[in-house]
Amino acid sequence: MNKKSLHIVFFLLLIVSTIGKAQVWNSFKPILDERVIDSLAQYEQGSPTAWMIDPALIEGRLKQMKNQIPLPYNFYVHQFVEYFAFRKSDFTQRMLEKRDLYFPIYEKYLKQYNLPDELKYLSLIESGLDPKALSNKGAGGLWQFMPYTARGDFGLRVDSYIDERFDPERATEAASKYLRQLYRIFGDWHLALAAYNTGPGNVKRAIRNCKGSDDFWGIYPCLPKQTRAYVPQFIAMAYMMNYHWDHAIHPETWASHVPSDTLQISGYLNLSVFASLAKISMDTLKKLNPHVLTHYLPKDSKSFVLKIPKNRSDFFQVNRKQILDSAGLASISIQPVFATDTSASMKMRMVKVRYKVKKGETIYEVARKFEISVFELKRINRLRRNRLKKGQNLFVLEKQWFPVNSVAKVADTSSIKLTSKQLVSKKKKVKYYLVRSGDTLSDIAEKHDGLTVAKIKKLNRLRSVVLRPGMRLRIS
């Protein structure tokens, strides 16, 4: 063999060797995803390093865990175990501190719908156990439902006043139904979990594109980037919730549980007045009812279940009628008469007052100061944005107490004015609004008192929310 032939053979061997190494390397290295906002585990692209946790230890423990959903060990799972054990150990600790608030609810509904108990770990990946979590795409709540899915498929109420995606009970029941439905479609829990993240249509498309594969790991390359990390995160989080002590992660400050009772509310209820008269902190009331978006329940509320602290239940029951009547008529002077209250000679009413914004003050600080929601503050002042300026004048609702006699006169006058306004309104002509560029139904509703998106659609027989400049809408 001449010298030229030897060079050719050597060159071919070098190419084969390089290709062989590349194949081994690629079979070991995961397809690292871009930074995904909606995913809790975000990792940077780079070369795999030596493991800090023995792979045999994780693999053995996953096999020992009693579960219905397979929890296999592989490179993808291992990197997320280390992610939650080291880089995001503070997140894992917060999950341990908060889990006792929600796991009993999860376990109740998972058992009711005959689903694997380990599905309770899925919510940690979805929302970080935050009932008010809202993604940039609009998914909300502990189980991250999109509004149209929650409303259309599972009958949850999602509007400007109540968003049941933020109700742990209602959202968990809906998630249980959805997971059961997905498992019936695919017959495989890993595929069902992937479908929960990206939708059943995308999973079916991945199965078609990755011909010959009908399991999650087989269709892994054909799935959307975010979904590829979803099942490994779930398995890693299930591992961490069971073996966190061995990785020096333990809860320090447990999230406090507020024992509660429930009552049914029908009709309008001003929650600020209700909380004040029932001697309940507004923060506590919001914590118990995260699905209530405003500081009041609308007049069309029917048998709405409101949670109140158990330690205030007896006081409320003794004064139930007075509290509900007063909070239901907050715009007119009220007289709280309590069995344990000595302020029966005073009356309270909500008064609209002018407030001047101070330097550096935000709309959230103003709302907290007067115990009203940001939504309501913007509605009263017809604000489109959250930004406030120093010296800006705002209208706010303020609680004021008056002696019985003086308020009685005010109450009589206000009732007479209310009656006269009602009489005048009957004689008023129909009002119309000319749609301008950039207008939306919600913007128009906020500009006119007593007007809602639903009412505009009903008055104008609109089937969609799409508006065109120049449209003439009836608003009264």
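**Helix packing and overall features of the predicted model**

The protein contains 20 helices and eight strands. The model is predicted. Of its 476 residues, 44% count as buried. The accessible surface comes to about 26900 Å², and carbon and sulfur atoms account for 52% of that area. Among contacts in the protein with a separation of 6 or more, 65% join residues 24 or more positions apart.

Two helix pairs were examined. Two packed helices are described by the angle between their axes and the distance between the axes.

The first pair consists of helix α3, residues 75-87, and helix α11, residues 230-243. Their axes come within 8 Å and cross at roughly 50 degrees. Angles under 35 degrees count as roughly parallel and those from 65 to 115 as roughly perpendicular, and the crossing angle therefore makes α3 oblique to α11. The crossing of α3 past α11 is right-handed. On the α3 side, the contact involves Tyr76, Val77, Phe80, Val81, Phe84 and Ala85. These residues meet Pro232, Gln233, Ile235, Ala236, Met237, Tyr239 and Met240 of α11. By class, the contact of α3 with α11 comprises 12 nonpolar residues and one polar residue, with no charged residues. The polar member is Gln233 of α11.

The second pair consists of helix α7, residues 168-186, and helix α9, residues 200-209. Here the axes come within 12 Å and cross at roughly 20 degrees. Because this angle falls under 35 degrees, α7 is roughly parallel to α9. The crossing of α7 past α9 is right-handed. Tyr178, Leu182, Ile185 and Phe186 form the α7 side of the contact, and Pro200, Val203, Lys204 and Ile207 form the α9 side. The contact of α7 with α9 has seven nonpolar residues, one charged residue and no polar residues. The charged member is Lys204 of α9.

Outside these helix pairs, Arg387 was considered as a single site. Arg387 lies in the loop between α17, residues 374-381, and β6, residues 393-403. The relative accessible area of Arg387 is 71%; the threshold for an exposed residue is over 50%, so Arg387 is exposed. Along the chain, Arg387 and Ile363 are 24 residues apart, and their C-alpha atoms are separated by 6.9 Å.

Technical notes:
Residues numbered from 1 in each chain as written. Predicted model: local features only at pLDDT ≥ 70, side-chain atom pairs only at ≥ 80, totals over all residues. Heavy atoms only, no water. Axes fitted to C-alpha atoms, helices over the stretch in contact; angles between N-to-C directions. Helix = DSSP H or I, 4+ residues; strand = E, 2+ residues; numbered from the N terminus. Parallel < 35°, antiparallel > 145°, perpendicular 65-115°, else oblique. Left-handed = near helix turned anticlockwise from the far one by under 90°. Contact = heavy atoms within 4.5 Å. Buried < 20%, exposed > 50% of the residue type's maximum accessible area, 1.4 Å probe, protein only. Areas by Shrake-Rupley, 256 points an atom, 1.4 Å probe, with all protein chains shown as cover.
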